[in-house]
Amino acid sequence: MIINSRMRACFGVKTQQLISRVFRHPVHPSAAVGWRLAQSRLLSAGESKPRPSMLKHLTFKIKATGPITVAEYMREVLTNPVTGYYVRNNMLGPDGDFITSPEISQIFGELLGVWILSEWMGAGRPKHLQLVELGPGKGSLASDILRVFSQLKSVLDGCSVSLHLVEVSPVLSGVQAQTLTGGSSVESSSEDDPVFRRGETSAGLPVFWYRCLEDVPAGFSIFIAHEFFDALPIHTFQRTPKGWREVLVDIDPDKQNRLRFVVSPSPTPASSALIQPEERRSHVEVCADGGVLVQQISQRIIEDGGAALIADYGHDGTKTDTFRGFKGHRLHDVLSSPGTADLTADVDFSFLRTMIGGGVACLGPVTQKMFLKNMGIDARMEVLLRNCSDGPTRMQLIRSYDMLMNPEKMGERFLFFSLLHHSRLAKPKKSEGMKLEDKRPAPLPVGGFTEISFS
């Protein structure tokens, strides 16, 4: 997007002031090294008992109903209420199976906090702001964002802010509660209560936990989904001489206690409904759940105002086979020892855009390197390094910056994609006839998707 000098100046007066005020603050004590130490694993009362076998569960299921879709396989492996990977494990951080950008550097969360405030301002400073995070991990990202809110309390003066977390893992919700509320949260005594946990931060900001987005109350909301969509179940399809066929998971007849991929001999409901007519690839992954979710978010933005920012491994409709597993920070066979490793697939942002339709405006995807650079990460690094005299800490700051920005690491593998209300980008209408000229300023450019000038 090309922006004129008037828009750039307007952006400088608003968003750049937010960033400069945040940048005056030194590195937070809890993140001085950048890489956060993994918190102690939470042990459930029943972990001393033998762990139920996910492989045995899947084998019984396939014997009873036949081969299952890759989507059903992912759903069972990741979120089965008894043996699911996300339900039972604390998988984040150096001691887990993968690490995310908020665990690498506090700068990441700070810049997203500035982005949220910029979009709140661009929407006219509503009196209520709901920050909704999908899959909040350890709560590190939300914690960094709320610290920015605290530093810019005067900007939010008169605005009621609340934090709403959508989480399916009891283990991770406990970790989040410790991070955000210091362990003062309370679990609901009723399973019918849509809020299964609630608490307050040390600053008195209310925090609520939900199992699904539908339970989050209506209202002006800014949605954050960082490494969330890549874990949603995908259907996979293969082009054959007889047309599109769905890839399924079956029991391997030649190897005991092993699973294998097979191609459905005939069309399935998913292969008939989810493949776009103009599709040219020979192998396709479609996340139907992701499509439904962005439609729900879009509808909420249309009705209540707000914005959404999605950051994830992804592509714009170009890749084919991206389904993979991670265990101990290494690639892992997706069908081996199900339930012990994370499963993920790159997000197809072109599919999400198609599912969204024209109800909201879409920006991106742009690379993480471009987004963070446009948000001013280099200026923030200059401040941190200038105020840091400790050699090892300086080296860790440089390493964390490299991890976030290096094209061979996260810099170009992660993409940012935004959903906005159409009014956010609407230009003032030109006057006609004898009507007075409309003096309203042009809308603020959207941070991250346009460059911020610090000159």
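How much area does the protein chain expose, and what share of it do carbon and sulfur atoms supply? The protein chain exposes about 21,100 Å², and carbon and sulfur atoms supply 54% of that area. Before going further, I should say that what you have in front of you is a predicted model, and I will keep to what can be read from its atoms.

Let me begin with the chain as a whole. The protein chain has 455 residues, of which 54% are buried, and its secondary structure comes to 15 helices and 18 strands. If we take the contacts in the protein chain with a separation of 6 or more, then 76% of them are between residues that stand 24 or more positions apart.

I would like to turn now to a pair of helices, α2, which covers residues 54-65, and α3, which covers residues 70-79. Their axes come within 11 Å and cross at roughly 145°, and the crossing of α2 and α3 is right-handed. On the side of α2 the residues that take part are M54, H57, L58 and K61, and these meet E72, Y73, E76 and V77 in α3. By character, the residues of this contact between α2 and α3 divide into four nonpolar, one polar and three charged.

Staying with helix α3, I want to pick out one residue in that helix, L78. Is L78 buried or exposed? L78 has a relative accessibility of 1%, and because buried means under 20%, L78 counts as buried. Leaving aside residues up to four places away in sequence, L78 touches G84, Y85, Y86 and V87, and also A231, A341, D342 and L343. There is also P338, which is 260 residues from L78 along the chain, and yet the C-alpha atoms of L78 and P338 are separated by 8.8 Å.

Next comes a sheet. Three strands form an open sheet in the order β14-β13-β15, and the pairing is antiparallel. The edge strands are β14, at 330-332, and β15, at 342-344, each of which pairs on one side only. On average, and with direction ignored, neighbouring strands of this sheet are turned by 40° against each other. As general background, the strands of a sheet pair through backbone hydrogen bonds, either parallel or antiparallel.

Looking at the individual pairings, strand β13, which covers residues 324-327, pairs with β14 over three bridges in the antiparallel sense. Within this pairing, G325 has H332 of β14 as its bridge partner, while F326 has L331 of β14. The two strands β13 and β14 form a hairpin with two residues between them, and in the turn G328 has a positive phi of about 60°. On the other side, β13 and β15 also pair in the antiparallel sense over three bridges, and here R324 stands opposite T344 in β15.

From the sheet I move to helix α11, residues 349-356, in which F349, S350, F351, L352 and I356 are buried. What covers the buried residues of α11? The cover includes α10, at 288-304, together with a number of strands, among them β11 (283-286), β12 (306-315), β16 (347-348), β17 and β18 (414-420). Just after α11, G357 takes a positive phi of about 75°.

That brings me to some backbone details, for which a general point is useful: most residues other than glycine have a negative phi, and most peptide bonds are trans. R125 is not a glycine, and it has a positive phi of about 55°. R125 is found in the loop between α6 (106-122) and β2 (128-134), where, at 41% relative accessibility, R125 counts as partly exposed.

E227 is also a residue other than glycine with a positive phi, in this case near 50°. The place of E227 is in the loop between β7 (221-226) and β8 (235-240), and with a relative accessible area of 16%, E227 is buried.

Finally, which peptide bond is cis? The bond from G364 to P365 is cis, with omega near 10°. P365 lies in strand β17, residues 361-367, and β17 is one of the elements that cover the buried residues of α11.

How values were computed
Residues are numbered from 1 along each chain as its sequence is written. This is a predicted model: local features need pLDDT of at least 70, side-chain atom pairs count only at pLDDT 80 or more; totals for chains, interfaces and linings use all residues. Side-chain values use heavy atoms; hydrogens and water are left out. Axes are lines fitted to C-alpha atoms, for helices over the stretch in contact, and angles run from 0 to 180 degrees between N-to-C directions. Helices (H or I, at least four residues) and strands (E, at least two) are DSSP runs, numbered from the N terminus. A crossing is left-handed if the near helix is turned anticlockwise from the far one by less than a right angle, and right-handed if clockwise. Contact means heavy atoms within 4.5 Å. Ala, Val, Leu, Ile, Met, Phe, Trp, Tyr, Cys and Pro count as nonpolar, Asp, Glu, Lys and Arg as charged, and the others, Gly among them, as polar. Two strands pair if DSSP finds at least two bridges between them. Buried means under 20% relative accessible area, exposed over 50%, partly exposed in between (1.4 Å probe, protein chains only). Accessible areas come from the Shrake-Rupley method with a 1.4 Å probe; for residues, only the protein chains shown count as cover.
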